[in-house]
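Q: I'd like a close look at one part of this fold, taken slowly. Here is the model I have in mind.

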Amino acid sequence: MIKLENYRRVKVYGVAFYGVNELIDIASGAEGGAREGVYVGKDRRSYPCFDSWDYANEDRSYWNFVFARSKEELERKLERLRAMPWRDNYRKYAGDVQPVIYWQGDSHDPMEMLESEDIDIR
């Protein structure tokens, strides 16, 4: 597993993305957005809330970003990603939907990803 600061540049399928904020912006477009032919989708889950303070103030989420080379491929990967079981903090970067980048959602948390020939972190 690779951990990388959440503001760093990663290249997926040869296209550069600059940190989780940009991934969120692109993936939040209508049905997943695209940059230079690479589609980005998201599967997110809100942090748990345990009391009224949490419900009033908690706005963080766990994020899984998936990448594809066509809208149809993205839809298939998102369907599989959303159905995938998870263990802790909504991590889903294993399986056949690679490449996937996971972010735990807090400003100090790194991006996490499995090593892949489709992701370049240099």
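Which residue in E5 is the bridge partner of glycine 33?

A: Bear in mind that this is a predicted model. The partner you're after is valine 40, which sits in E5. That bridge belongs with the pairing of E4 and strand E5 (residues 38-46), which run in the antiparallel sense over three bridges.

Now step back to the sheet around that pair. It's an open one with six strands, in the order E1-E8-E7-E6-E5-E4, and the pairing is antiparallel. So where does your glycine's strand sit? Strand E4 (33-35) is an edge strand, and strand E1 (2-4) is the other one; each of them pairs on one side only. Going from one strand to the next, the twist averages 25 degrees.

There's a helix to bring in here too. Helix H1 (residues 19-27) lies across E4 and E5, and also across strand E6 (61-68), strand E7 (100-103) and strand E8 (111-113). Its direction is about 70 degrees to E6.

While you have the model open, have a look at the other sheet. This open sheet has three strands in the order E3-E2-E9, again with antiparallel pairing. Its edge strands are strand E3 (15-18) and strand E9 (119-120), each pairing on one side only. Strand E2 (residues 9-12) runs antiparallel to E3, and four bridges join the two. If you want a residue pair to click on there, try valine 12, which stands opposite valine 15 in E3.

Methods. Residues numbered from 1 in each chain as written. Predicted model: local features only at pLDDT ≥ 70, side-chain atom pairs only at ≥ 80, totals over all residues. Heavy atoms only, no water. Pairing = 2+ DSSP bridges. Axes fitted to C-alpha atoms, helices over the stretch in contact; angles between N-to-C directions. Contact = heavy atoms within 4.5 Å.
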